[in-house]
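Work through the following exercises with the model open beside the text. Each task is followed by a solution in steps.

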Amino acid sequence: MLTGSLLLSFRAGAEIQVLDWYRMGEGVEEPAQNDPFTLKDETGRRPLTATPACGFSPVISPEAAARTGSTRALRMNGQGAVASGSLLTGVNDNFGIEAWIATDTNSGDRRILYNGEPGKDGWGIEQSGNYLRLRVGSSVSYGTWVGPGGWNHVALVVDRGRISMYLNRVLAGSLLNVVVLPATGNFRIGDSEKGFPGRVDEVRAFTFAPGAFRFADLLPGKFPVTLMLNGGSVPYGSSLDQGTGEVGVLRSVSNFFLRNLDPVALPLASVGVTGGDTGDFEVTGWDGSPLPEGRLDSSGIPLAVAFTPRGGGLRSTTLRVVSADPAQGEFSVQLTGTGLLLPSLEFYAGKGAVLKPVGGVAEIFPLIPAGGKRVVKSYTVRNAGSADLTGLALSFSGMNAADFTAGALPESLAPGESASFDVTFMPGLGGARRAKLRLVSNDQDRPEVTLDLVGQGVGPEIDITRGAGERPAAGALLEISGYGSPSDMPEGLHGVVSAAAGFSFGVAARADGTVAAWGPNGYSGQIEVPPGLSGVVAVAAGADSALALKGDGTVVQWGGGSAPEGLSGITAISAGDSAAIALKRDGTVVTWRWGFSAPDSPPVGLGGVVAVAAGESHKLALKDDGTVVAWGNNHWEQSQVPAGLAGVVAVAAGGNHSLALESDGTLVQWGNCGSIVPPGISGPVAEIAANGAGYVALLRDGRLIRWSGDDGVVSKVVDTGGATVRGIASGISGNFAIVDHPADFGVRDVAAAALRQSFTIRNGGGLPLKLSSLEISGENADAFTLDTRGTLMTLPGTQGVTTFTVSFRPRAEGMSHATLRVLSNDEDEGVYEIPLTGGGVVVTGPLEAWRLLHFETTADAGSAADLADPNHNGITNLLEYALGGDPVAGGGGASLLPKYVVNRITKRSSLVVARDSSRAGIVMTVQAADDPAGPWQDLATSTNSGPFKALSAGTGIVESGIGTKLNVAVTDPVRGGDGGRTRRFMRLRVTRL
């Protein structure tokens, strides 16, 4: 939108006295070449002598022609071009000088009009580069901008000591408190020293009574309007081009301001457009309201001109401001513009009456079985323009372009016409199927429209579960919440060895060397993995670009940008917003960029590098001596390595921040996330990564921590769901953890029988799933036995099912690790790996076997210790063992506790105790006392959970029950009340042999 001011004055000029008026050629013969000549002063007072470098030109200001009748101007050819004469004497206050000028250059300092000696005394107008400014002796104003080539009216006015310059009757600069010293030397037009290249016309000097100057006193005041646009002046009679636009479409709105600079309100007859193509130009207020009529006061009127071409070709009209007083005249400028008859393509999903604009998101096709099934979606193209839409053509590109076909479109559509076509999706294989639909036409604004197409072909899809539905897998990708994390991560993605996050998209390399990518495809195609890409060992991601490092040391890049041709010998890669860095085998680095990123070449001579990291616009390199080198953008000091940093073993770079891991597991960070590492990271760190807004750290104890400057430097523990973290990865918009979900068989007695677990394979696809092999490998593969008897090797589509079993029997103490590999024709998961884990212990007795059953350990430690109470029921583990309880089950323990019973007749008390004959290795003793503080008397004891034997005369022992679990009532030989006793106490004491 254009802005400016429209300035008016309709007040008649005051009485002024013209001192000199140089018409610049009217009524004077053209001088002979190389001869000086005289410039006539209309007042007859001070003619000027012009040098041969001056001449007359018919190229004049339209405003000067209209308002003074000018027919020629003085042409000045630069060096040595000057017209000079005697001084204007006695003009130190209440005077003015004006002229129309057009400069041919926008460089250098040059005088245009001057009376006196510049820098010493007198006054004048000069050019400084693109600016005009006034000078009084050694003082100059800031001036105002003018461009070369155009005509401008300029005036210097001294009124009661205030020195002002007016450009096109608008105040452009002032000098206050400057004394105008009497001039010495002469009066001149042009610059004899540096030369003024340009034209000058109608130079007029005048005086007036103090305070009597008005804008209307200047020569343009006969038609007292000045039009201001974008801070510059548009002279009377000139042309304003409103640009080129499509017929029927609003092309531009130019904003002006209609202002009365005089205190007296002015009568307006009309403000508007007239003649020519008036229907193409609308004059309103800035808010679209009608313009007021009547008188224009000092508050002014906002004025807007809107151009909407109604036809093709050149369109023009005249903008006129007319006074109600015929003597004051009018101001007018030409408004022009060009209308184009253009086609305009509109693209919709659907056909008939139900249409939905297409754009912004991918078109999702329903999930269907692969191999012969199809689904159809309809689309409509409409020509909303004013000319024929031609060259219409459809095509497909991308990884799975062959899965999509389209119907035909007519080659052209007349204005207002529309046509529909169908897109058919028929997946050849299972899994995500992606392509890009391309529609081209002669629409000048959108010659090409693309649409991402996403479908899901249900081919052979392997799914393996254990037991009640647990899904164990190796190398699963866990998304960690962060800033703008990638979306649409494929469900069940596993086998991952490397991952990275771009701007809202993700990319991962699998153990089989293939690559998966997901998320919005944008305009760059960053999730369109190149067909046949294999042998990949690591990936990286920029904002709109994905990179893959292959095992042969080459790099493949797709989406935005491309890797340098011939790049080889690479061992590591990292990418930032629109730039990447690669580490070569010889310890040097290579960087490249794409898009609008700034160059950031590595420091000259950089070598000995062992690791690299790329931030948004900076890079880090870790050298083999443990020091770090950084370069690139340093706005947040992200490239300013902290002094003394050494002993570094890993680096990470985020958006505008950096992180280093030292050999002792401590962290050092710098950049816009600050230098404070969160106190929640309490322990040595094993691995680090950085995303656009923060960091992720894997601690040596297996905990995963994330933090950022936005969190106020607060660390947050990431819930991994019990999975084992294999590694971490980050990128511009997210964090990942590569985790293993093992099939864990627990801890087993090495002498016990093998534990069998059943696994189920399901085919979730529409085509047969063919299993080529099932095998167990790894360091402790001999601890696991695979049984595939009865396992089907071909599963039909739509939920074909088969099972197999794996048995675990540890061969020795300690952990056993192996890998179950299932190979199939699943396109995405041809190798399905499941980590197998289990522990072995040597059980030395029933108590250790009991601990192993409940705690998967035989050690008298932690929650399995004799005196521990893990279920918080008030009964220690040793008592739970002795009494047949469950130490990890919930609920109270009252049912297990011995029961105290008093016989009312004999007044003798008994303690009823549960005895499990299988609980060997303990001694159970029933005791009695007159006081809880003791001394306690042993009444009966059971060793190795054998029958209780009396230890005190008269003690009664009665056992009841069958099998191994019995109830034993031990009766106190002392009756209550005997010997002055008021009561007796009994208890059970359990100890280990």
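**Exercise 1.** Find the salt-bridge partner of Arg-726 and describe where the two residues lie.

Solution. In this predicted model, Arg-726 pairs with Asp-740, and their closest N and O atoms are 2.7 Å apart. The cut-off for a salt bridge is 4 Å between a side-chain nitrogen of Lys or Arg and a carboxyl oxygen of Asp or Glu, and the distance of 2.7 Å meets it. Next, place the residues: Arg-726 belongs to strand 62 (residues 724-731) and Asp-740 to strand 63 (residues 734-741), 14 residues apart. Last, take the accessibility. Arg-726 has a relative accessible area of 43% and is partly exposed, whereas Asp-740, with 15%, is buried.

**Exercise 2.** Classify Arg-919 and Asp-916 as buried or exposed, and do likewise for Arg-984 and Asp-930.

Solution. The cut-off for buried is under 20% relative accessible area, and exposed begins over 50%. Arg-919 is at 14% and therefore buried. Asp-916 is at 6% and therefore also buried. These two residues form a salt bridge, with closest N and O atoms 3.6 Å apart.

For the other pair, the side chains of Arg-984 and Asp-930 meet in a salt bridge of 2.6 Å, N to O. Arg-984 lies in the loop between strand 78 (965-971) and strand 79 (985-992), and Asp-930 in the loop between strand 74 (922-929) and strand 75 (937-943), so the salt bridge ties together parts that are 54 residues apart in sequence. Arg-984 is buried at 9%, while Asp-930 is partly exposed at 38%.

**Exercise 3.** How many salt bridges does the model contain, and which residues does Arg-992 share a network with?

Solution. The count comes to 34 salt bridges. Arg-992 is part of a network of salt bridges that also links Glu-848, Arg-851, Asp-860 and Asp-866.

**Exercise 4.** Determine which strands stand at the edges of the sheet with the order 41-65-69-67, and why one side of each has no neighbour.

Solution. The sheet is open, has four strands and pairs in the antiparallel sense. Strand 41 (462-466) and strand 67 (784-787) each have a single partner strand, so these two are the edges and one side of each lacks a neighbour in the sheet. From one strand to the next, the twist averages 25 degrees. For strand 67, the partner is strand 69 (residues 800-808), joined to it antiparallel by four bridges. Within this pairing, Leu-786 is opposite Val-806 of strand 69.

**Exercise 5.** Describe how strand 55 is connected to strand 56 and how the two pair.

Solution. Start with the connection: a hairpin of three residues leads from strand 55 to strand 56. Strand 55 (residues 648-653) and strand 56 (residues 657-662) then pair antiparallel over five bridges. As a check on the register, Ala-650 has Leu-661 of strand 56 as its bridge partner.

**Exercise 6.** Which strand gives the most to the lining of the second largest pocket, and what is the lining made of?

Solution. The second largest pocket has a volume of about 1000 Å³. Its lining has 49 residues, and those closest to the centre are Ile-573, Ser-574, Val-612, Ala-689 and Ser-730. Strands that supply at least two lining residues each include strand 49 (570-575), strand 52 (609-614), strand 55 and strand 58 (685-690). Strand 62 gives the most, with six residues. By residue class, the lining divides into 33 nonpolar, 12 polar and four charged residues.

Definitions and conventions: Residues numbered from 1 in each chain as written. Predicted model: local features only at pLDDT ≥ 70, side-chain atom pairs only at ≥ 80, totals over all residues. Heavy atoms only, no water. Pairing = 2+ DSSP bridges. Axes fitted to C-alpha atoms, helices over the stretch in contact; angles between N-to-C directions. Buried < 20%, exposed > 50% of the residue type's maximum accessible area, 1.4 Å probe, protein only. 1 Å grid on protein atoms, 1.4 Å probe; cavity = no way out; pocket = protein on both sides within 12 Å on 5 of 7 lines; lining within 4 Å. Points joined across faces, edges and corners; volume = space filled by probe spheres on them. Nonpolar A, V, L, I, M, F, W, Y, C, P; charged D, E, K, R; others polar.
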